Structure formats: C-alpha cells, structure tokens
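User: I am new to reading protein structures and would like a close look at one part of this one. Could you take a single helix and explain, step by step, how its residues are placed and what they touch?

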Amino acid sequence: MVVIKKYANRRLYNTATSAYVTLDDLARMVREGVEFVVYDAKTNDDLTRQILTQIIFEEESRGEALLPVQFLRQLIGFYGNSMQGVLPSYLEMSLDTFTRQQEQLRGQFTRAFAAAPGGNLMEEAVRQNMAMFERAMRMFPGFAHARPEGETTEAPAPAAEPKAAESAAGGAALDEMRRQMDEMRAQIDRLAQSKG
C-alpha cells in the first residue's frame, strides 16, 4: 500500500517514490491497480475518500462524464437517509459484479476470435454486417443511392418497383438479416464453448 501525504499547501507527496504527485498521477495509479492511502501530513487523518472524490470531480469537469445526472441526484438524496449505511456496500458489490462480467465477456471474445484461423471469423462478420446494412438502406426511400458510385458491394436496387413487391422484398431482406445474425451468434457461441 503506497502512502501519500497531503501537506497544508495542498501538495501531495508519494512516500514510495519520494516525489510530489498530482491528482492526474493518482488517477493513473488507480487505473493501473496501485493501491494507495492519503493521510494529512500534520494530523494523520485519512483523506483517501476525499482525494478519490476530488479525482472524480476533476474527471467529470474536463468532459469525461461518466456519472449520469439522475444518478448523482439519487446519490445526494441518500445522504442522511436511513439507507445511507447500506448503499456503499451495495454500490461496491454492483461494481465488482460489473467488472467481473466485463472481464468474462472480454475473455470469451478473445477466445472466440483467437480460434478463427487468421481472424477469418472477424473479417466474415464485418463483411456480412456491411452487406446487411446496405440491404437495409435500400429498403428505405432516399437511402437506396446514398453511396457514391462504384462503392456498393452488391448490385444496385431496381429503380422503381410496385409497392407490394417493395414491401415483400423488404420483409425478405429483414428475414435474411435475422437469419444471418442468428448464424453469427451461434458460431460465436460454439467457438466460445469449445475454448471454455
């Protein structure tokens, strides 16, 4: 555990490196998983919570908005509330669960795409997604010719068709897109299970 001392002049001193640090340095340490505590250099009071809150304030004020306004309002409403003692544990447990799920998902994607020789699965998924997107765009008037000439991956849509034929073609294209998405999901699931 790294000990940071906060002096009266608001400077922060890292006792492990014998150097002054900034809030940005402390934010970087948090992201790198370095555990630290902050003590007042004179009174030895634990200021860790205040400094971490100050880091969040700095991040939010420079446009790195992570906390929704409604969440902040609700959080403020819990101060002095009978649930104030329960909320910290609940939030900590929720964030731990979210972090674990994120790591599991990242691991599944890594295993799934690593299993594909030469990354063919990813290339094929991108190709299929682009084809589906172009078909979907052709179903809506005004988007049929949105691409510059020579950039389509499929034959251009016919210029004018009766409304009934257009509706049937749109339904068929949507069905085909759903079928392809289901196939892709199944393929990713199979790869994840075979590696898991």
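Analyst: A salt bridge is a side-chain nitrogen of Lys or Arg within 4 Å of a carboxyl oxygen of Asp or Glu, and this definition will be needed once we reach the charged residues of helix 2. Please keep in mind that the model is predicted.

Helix 2 runs over residues 48-61, and its 14 residues reach 20 Å from the first C-alpha to the last, close to the 20 Å expected at 1.5 Å a residue. Its buried residues are T48, I51, I55 and E59. These buried residues cover an arc of only 80° around the axis, which puts them on the same side of helix 2. The general background is that an α-helix has 3.6 residues a turn, so residues three or four places apart point the same way. On the face turned away from this buried side, helix 2 carries the exposed residues R49, Q50 and F57.

What, then, covers the buried residues of helix 2? The cover includes strand 1 (2-6), strand 2 (12-14), helix 1 (23-31) and strand 4 (36-40).

Among the buried residues, E59 deserves a slower look, and with a relative accessibility of 17% it counts as buried because the cut-off for that word is under 20%. The side chain of E59 meets that of R31 in a salt bridge, with 2.9 Å from N to O. Since E59 lies in helix 2 and R31 in helix 1, this pair ties together parts that are 28 residues apart in sequence. R31 itself, at 60% relative accessibility, counts as exposed, so one partner of this salt bridge is buried and the other is exposed.

E59 also forms a salt bridge with R62, where the closest N and O atoms are 3.6 Å apart. R62, which is partly exposed at 43% relative accessibility, has a further salt bridge with D24, at 3.1 Å from N to O. That pair links distant parts of the chain, for D24 belongs to helix 1 while R62 sits in the loop between helix 2 and helix 3 (69-78), 38 residues away. D24 is likewise partly exposed, with a relative accessibility of 37%. Through shared partners, the salt bridges join D24, R31, E59 and R62 into one network.

Finally, helix 2 is followed by G63, whose phi is positive, near 95°.

Definitions and conventions: Residues are numbered from 1 along each chain as its sequence is written. This is a predicted model: local features need pLDDT of at least 70, side-chain atom pairs count only at pLDDT 80 or more; totals for chains, interfaces and linings use all residues. Side-chain values use heavy atoms; hydrogens and water are left out. Helices (H or I, at least four residues) and strands (E, at least two) are DSSP runs, numbered from the N terminus. The expected span of a helix is 1.5 Å times one less than its number of residues. Buried means under 20% relative accessible area, exposed over 50%, partly exposed in between (1.4 Å probe, protein chains only). The arc is that of the directions from the helix axis to the C-beta atoms. Contact means heavy atoms within 4.5 Å.
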